[in-house]
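Work through the exercises below with the structure in view. Try each task before reading its solution.

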Amino acid sequence: MSEEGDAPSAGGLEGGEVARPGFGEAHAVPGFIHQPPGSRWRVPLLGELAVDAGLIGADTVQGVLALQRRCGTRFGDILIAQGKARPAEIARLVAAQSSIRYIDLRQDPADPTLARANALDFYIAARCMPWRWVKREPVYVAADPERARAAIEAHEGRPCAIFVASSSDIDRALRERFREELNERARFALATEFPESSAHERMTLPQIRVAAALLLAACLAFWLAPLGTAFAINVLTGLCFLTVAGLRFASIFIGLFSPPTKEEHAFDASLPSSDMDLPIYTVIVPLFEEAEVVPILADALKKLDYPASKLDIKLVFEETDEATYEAARKLGLPGNFEFIRVPCTLPLTKPKACNFALPFARGEFLVVYDAEDIPAPDQLRRAVAAFRLGDPKLACVQAQLNYYNWFENWLTRQFAIEYASFFDLLLPTLAKLGLPVPLGGTSTHFRTDVLRCAGAWDPYNVTEDADLGIRLAMLGYRTSIIRSTTEEEANCRLDNWLRQRSRWIKGWVQTYLVRMRHPVRLYRALGLKGFLGFQIVIGGFSLSNLVHPLFYLAAIAALIASDSLADLARDLPIAIFNLAVLVSGYGITILAGMTAAGARGRKSLVFDALMMPAYWLLISAGAYKALQQLVTRPFHWEKTEHGISRLMPDQLARAMTESDRPMA
């Protein structure tokens, strides 16, 4: 390799009619000296170079060309997605084809003093970066010099020499060079740009004053009229519980039996005519201590019915989690899987990891999956169809979630009933009524540009999904549901379930506190219907988780404390009211669970729904743990352990058996 001083300028490189990098068609590249007309010299096609380099056999070329005609993606991208070549190998071929020097950034790293932090977004968008000074002129490297040339020259204000480097090397070099800047963005961008939407501060000073005033008023009321105050609070919380139950009752008819929205049947109504029409799709999967399930995840992503050369898959690892990183590396995944390592800084949360990866997302649309997810193969196609049929205000589509190990034990059966009620009934109801939709954390599909404009995820909210759903609604966007299921592993151990549940409830309370900093602003943003929906769903569900066991105690206490018939007559109405609240609330919840389980074809769960009152007491235990952690450890992410189901060995064996199957 030549020394820096020997590197030629862009105008001094000899070339001819060259192919667009990755394609076979020949066209001129500005800045190159072309062979005179009639020259016999011909630029080799990339397929020929790949055969000569031993990357593929001659018999493979026609198959790749057929995929290229079907998908409209570049020849080199198809080889990368199929695992036949690494990005660096394709970059070498493109450089040879274009008569441009190839730079291996691992062997010849860029001068760290040239790249500027205020130009980071430009470097990422153009997939380029300044490499070295040559004869007092900056030389750039780019994944696609032809495409980047105009942007680089506009940025520098003059023509520049541009060499070829692989896209993965450029992204890696940018993450290393701007590690601190990217990490600060991931942690504090939302708190800086939209401080009113960040849970970085648990409660504002006005909220603390209001809470203190309410507590003081309650204490004074109990001192002056203890029985009357207790009665009033009992009735108000009971009405809240009944309101939540009423929404669940409505969800049975609206969520399941009302006509589907246009997005729900979009796949059948507006299926893209060919793979050529499909956009690039980014898949982000944050991973932490997930070595056991990585093979299953990789197999599920390979099975997605989407052109692999249009999949931009980001596996995001915590920097200290060597076990998961090594488990993924040993799988030998194709080059459209990119590994991103996140600096180990607080808060150690999933949303911070997603924020760190987001700047490098190349897709028009983006989906987040969890480590244990097995999405339906056609889910991305359904999401694209929904977005294209929806209006520009459709910012997100939420897929449905359920469990593949739903039958494992009592806890997983209850969990499956709850999820069926939530994702098959409640969320579709909220979407159909035009109410804010608290997202489900995984299988959430976004318009990437809208996600960025909205501030992405809050790294200090431990249910960043629900928070983001409300924030999108406040900005005037909407969420819809698509009828496509992602199967997950249900928690089959109580301790693990309790950690997960307490985190979820803590995050919902965080979301309520953040949004209620400015209730008038929330009302104006959501309107009366949306404001009431927020109060019922986020506030009502959180409150009912905390208070519903108290109705048992209140009803029992009212009867025990009655020493005479007069006392019994006085206390009987409130005891009856509390029992009615419990019976109606549980009855409706059980009915919704039975309906949702039956609609999913899991009729054996119908009778398990009768045990939901016991399950709800466990939820309340998680709620009180969440309340305690909200005070002591508000940003702590209670890790859910995956790979503990007894079905895991079979799932793992199946995934490993099929691991050598190439992506389409």
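The exercises cover a pocket, a surface patch, salt bridges and a contact along the chain. Keep in mind that the model is predicted.

**Exercise 1. The second largest pocket**

Task: Find which helix supplies the largest share of the lining of the second largest pocket, and describe how the lining residues divide into nonpolar, polar and charged.

Solution:
- Step 1. Start with the volume. The second largest pocket has about 1,700 Å³.
- Step 2. Locate the centre. The lining has 43 residues, and the closest to the centre are Ala 211, Leu 214, Tyr 512, Leu 543 and Leu 546.
- Step 3. List the helices. At least two lining residues come from each of α9 (205-224), α10 (226-257), α19 (494-515), α20 (519-560) and α22 (612-632).
- Step 4. Pick out the main supplier. Helix α20 gives the largest share, 13 residues.
- Step 5. Sort the lining by character. It holds 33 nonpolar, 8 polar and 2 charged residues.

**Exercise 2. A nonpolar patch**

Task: Name the residues of the nonpolar surface patch of about 410 Å², and decide whether Leu 591 counts as buried, partly exposed or exposed.

Solution:
- Step 1. Name the members. Phe 249, Phe 253, Phe 257 and Leu 591 make the patch.
- Step 2. Trace them to helices. Helix α10 supplies the largest share, 3 residues. Leu 591 sits in helix α21 (residues 565-599).
- Step 3. Check the accessibility of Leu 591. The relative value is 38%, so Leu 591 counts as partly exposed.

**Exercise 3. Two salt bridges within helices**

Task: Compare the Arg 172 and Glu 176 pair with the Asp 467 and Arg 471 pair. State how far apart the partners lie along each helix, and whether they are buried or exposed.

Solution:
- Step 1. Recall the principle. Side chains of opposite charge can pair when their charged atoms come close.
- Step 2. Take the N to O distances. Arg 172 and Glu 176 meet at 3.3 Å. For Asp 467 and Arg 471, the closest N and O atoms are 2.9 Å apart.
- Step 3. Look at the spacing. Arg 172 and Glu 176 are 4 residues apart in helix α7 (residues 167-177), so about one helical turn separates them. Asp 467 and Arg 471 are also 4 residues apart, about one turn, in helix α18 (residues 464-474).
- Step 4. Check the surroundings. Arg 172 is buried, at 16% relative accessibility. Glu 176 is exposed, at 54%. Asp 467 and Arg 471 are both buried.

**Exercise 4. A bridge between distant parts**

Task: Place Asp 312 and Arg 362 in the chain, and find which network of salt bridges includes them.

Solution:
- Step 1. Confirm the pair. Their side chains form a salt bridge at 4.0 Å, N to O.
- Step 2. Place the partners. Asp 312 is in strand β7 (residues 311-318), while Arg 362 is in the loop between α14 (350-357) and β9 (365-368). The two are 50 residues apart, and the pair links distant parts of the chain.
- Step 3. Compare the accessibility. Asp 312 is buried at 3%, whereas Arg 362 is partly exposed at 38%.
- Step 4. Widen the view. Salt bridges link Arg 175, Asp 312, Lys 314, Glu 338 and Arg 362 in a network. The structure holds 37 salt bridges.

**Exercise 5. A contact across the chain**

Task: Find where Asp 373 lies, and what distance separates its C-alpha atom from that of Glu 488.

Solution:
- Step 1. Place the residue. Asp 373 is in the loop between β9 and β10 (374-375).
- Step 2. Check burial. At 0% relative accessibility, Asp 373 is buried.
- Step 3. Read the distance. The C-alpha atoms of Asp 373 and Glu 488 are 4.9 Å apart, with their positions 115 residues apart along the chain.

Methods: Residues are numbered from 1 along each chain as its sequence is written. This is a predicted model: local features need pLDDT of at least 70, side-chain atom pairs count only at pLDDT 80 or more; totals for chains, interfaces and linings use all residues. Side-chain values use heavy atoms; hydrogens and water are left out. On a 1 Å grid over the protein atoms alone, a cavity is a set of points where a 1.4 Å probe fits but cannot get out, and a pocket is an open set with protein on both sides within 12 Å along at least five of seven lines; lining residues have an atom within 4 Å of a point. Grid points are joined across faces, edges and corners, and a volume is the space filled by probe spheres set on the points. Ala, Val, Leu, Ile, Met, Phe, Trp, Tyr, Cys and Pro count as nonpolar, Asp, Glu, Lys and Arg as charged, and the others, Gly among them, as polar. Patches are made of residues with over 30% relative accessible area and no salt bridge: like charges are joined within 9 Å, nonpolar side chains (Val, Leu, Ile, Met, Phe, Trp, Tyr) within 5 Å. Accessible areas come from the Shrake-Rupley method with a 1.4 Å probe; for residues, only the protein chains shown count as cover. Buried means under 20% relative accessible area, exposed over 50%, partly exposed in between (1.4 Å probe, protein chains only).
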